[in-house]
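Colleague: I have a while before my next meeting, so please walk me through this one, starting with whatever I need for reading the labels.

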Amino acid sequence: MALAAWPFTLYGTERGIVGGKDSFEGIPARYAISTPRGIRCQLCPNKCTIKEGERGDCRTRINRNGELITLAYGNPCAVHIDPIEKKPLNHFLPGTTSFSIATGGCNLACLNCQNWQISQKAPDEVGAVDMMPGSVVSAAKAQGCPSIAYTYTEPIVFYEYTNDTAKIAHEKGLRNVIVSAGYIGERPLREWCKNIDAANIDLKSFSDEIYQRLNAGSLQPVLNTLKVLKEEGVWLEITNLIVPQWTDDTEMIKRMCGWLVDNGFEDNPLHFSRFTPMYKLNRLPATPPEILEKAHEIAREAGMKYVYIGNVPGHEAQDTYCPACRKKIIDRSGFRIRENHIVDGHCGFCGEPIAGVWK
């Protein structure tokens, strides 16, 4: 749960409360080319070809008079103040809060989406408030949040909004965080990275077939995203939601962890998250804790240094342990930090460097 819902007392509001289709005029979208069959969006691997008056799969980009327009700009449907650990980011400014926003829309269609009421809707189909980029930054600073998180739905589909907000945030001394499925093209991703400080990427499975059937996507673009984020110096943490009968195969988990280690991600935290019945998979059982613990064991044996178990309250694997001396260096209760023994980026017990962004 969020710490507090934003009460919609807006800073520097340009248009006031917005809602209803006529209120969403949009702005020109980036990354598109014209073809004889319509405008082809180049933002994500879907590469939708959009005819006049129609929208792409994400529901946010429309062909209007031969120009691609994004409707997801300045109209968040969710505005909250969250602990950074909720993203989850365990190695990025622990114990701080992040001003968190989302618009309607998503470029995937996950059967288990936890925010389907807004992610599987267009921006003009959900309740929204007016909050242009400068207003977001002003509100974040007023609330004492050192970072802004673009989260809840899929920030890729409100790319222009995140990018413009992130630039202003950097100018004002704030950090930027994306919580994303990572289903984006390389060019827009590299532009994004200029203003993004941290990311949690949802690596939904290590099977292209499962990606297609469960999420309406594919695996390789997400692996490419992980590599680019690392190359660009963005602090990266990875989440793998273990869904019974879908992504709980231990051999697939071994392959995933092996790939991560082989490609230099052993210092990046890996979060195994428990599935609870949701959306179109509401008849599946919750993930048994022993499956999560087996995944944790597999990841550690593969060489991943920081492995977590999420959505299991009170589990010892929500804490951070030094990879050298194995002492507990961050003690958590839910999203709250009880003890922190990291000193200047090192273990306070043995001096081992601990990967992360600590100040």
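Modeller: Helices (H or I, at least four residues) and strands (E, at least two) are DSSP runs, and their numbering starts from the N terminus. Please also keep in mind that this is a predicted model.

Colleague: Which elements flank the loop that holds Asn115?

Modeller: The loop with Asn115 lies between β9, residues 97-102, and α1, residues 116-119.

Colleague: And is Asn115 buried or exposed, or somewhere in between?

Modeller: Its relative accessibility is 21%, and Asn115 therefore counts as partly exposed, given that the buried class is reserved for values under 20%.

Colleague: How far is Asn115 from Ile196 in space?

Modeller: From C-alpha to C-alpha, Asn115 and Ile196 are 23 Å apart, and in sequence they are separated by 81 residues.

Colleague: Let me step back to the whole chain. How many helices and strands does the chain have?

Modeller: The chain has eight helices and 20 strands. Its radius of gyration is 20 Å, close to the 21 Å that the globule rule gives for 359 residues, so the chain is as compact as a globular protein of that length. Along the principal axes, the C-alpha atoms fill a box of roughly 60 × 45 × 40 Å.

Colleague: What share of the residues is buried, and what share of the contacts is between residues 24 or more positions apart?

Modeller: Of the 359 residues, 54% are buried. For contacts with a separation of 6 or more, 67% are between residues 24 or more positions apart.

Colleague: What about the surface and the charges?

Modeller: About 15,100 Å² of the chain is exposed, and 48% of that comes from carbon and sulfur atoms. As for charges, there are 40 positive and 41 negative side chains, and the centres of the two sets lie 2 Å apart.

Colleague: Now the interior. How many residues of β13 are buried?

Modeller: Eight of the eight residues of β13, which spans residues 235-242, are buried, so the strand is largely enclosed by the rest of the structure. Trp235, Glu237, Thr239 and Leu241 point one way from β13, while Leu236, Ile238, Asn240 and Ile242 point the other way, and all of them are buried.

Colleague: So a Glu and an Asn are in that buried set. Which strand pairs with β13 in the parallel sense over five bridges, with Ala199 in it or otherwise?

Modeller: β12, residues 198-202, pairs with β13 in that way, and Ala199 stands opposite Leu236 of β13. β14, residues 270-274, also runs parallel to β13 and is joined to it by five bridges, with Leu241 opposite Ser273 of β14. In general, strands of a sheet pair through backbone hydrogen bonds, either parallel or antiparallel.

Colleague: Which residues of α4 are buried, and what do they pack against?

Modeller: In α4, residues 186-193, the buried residues are Pro188, Leu189, Glu191, Trp192 and Cys193. The buried residues of α4 pack against α3 (159-171), β11 (175-180) and α6 (220-231).

Colleague: Where is Ser147, and what does Ser147 touch?

Modeller: Ser147 is in β10, residues 147-150, and is buried, with a relative accessible area of 0%. Leaving out residues up to four places away in sequence, Ser147 touches Ile84, Thr97, Ser98, Phe99, Arg175 and Val177.

Colleague: Switching to the N-terminal part of the numbering, how are β3 and β4 connected?

Modeller: β3 and β4 form a hairpin with two residues between them. Four bridges join β3, residues 32-35, to β4, residues 38-41, and the two run antiparallel, with Ala32 opposite Cys41.

Colleague: What is the strand order of the open sheet that contains them?

Modeller: The order is β3-β4-β5, with antiparallel pairing, in an open sheet of three strands. β3 and β5 (49-50) stand at the edges with a single partner strand each, so one side of each has no neighbour in the sheet. Two bridges hold the antiparallel pairing of β4 with β5, and the bridge partner of Arg40 in β5 is Thr49.

Colleague: And what is the order in the open sheet with β2?

Modeller: That open sheet of three strands has the order β2-β7-β6, with antiparallel pairing. β2 (27-28) and β6 (61-64) are at the edges, each with a single partner strand, so one side of each is left without a neighbour in the sheet. β2 and β7, residues 67-70, pair in the antiparallel sense over two bridges, where Pro28 stands opposite Ile69 in β7.

Notes
Residues are numbered from 1 along each chain as its sequence is written. This is a predicted model: local features need pLDDT of at least 70, side-chain atom pairs count only at pLDDT 80 or more; totals for chains, interfaces and linings use all residues. Side-chain values use heavy atoms; hydrogens and water are left out. The radius of gyration is taken over C-alpha atoms; the globule rule is 2.2 Å times the number of residues to the power 0.38. Buried means under 20% relative accessible area, exposed over 50%, partly exposed in between (1.4 Å probe, protein chains only). Contact means heavy atoms within 4.5 Å. Accessible areas come from the Shrake-Rupley method with a 1.4 Å probe; for residues, only the protein chains shown count as cover. Lys and Arg count as positive and Asp and Glu as negative; His and the chain ends are not counted. The place of a charge is taken as NZ of Lys, CZ of Arg, CG of Asp or CD of Glu. Two strands pair if DSSP finds at least two bridges between them.
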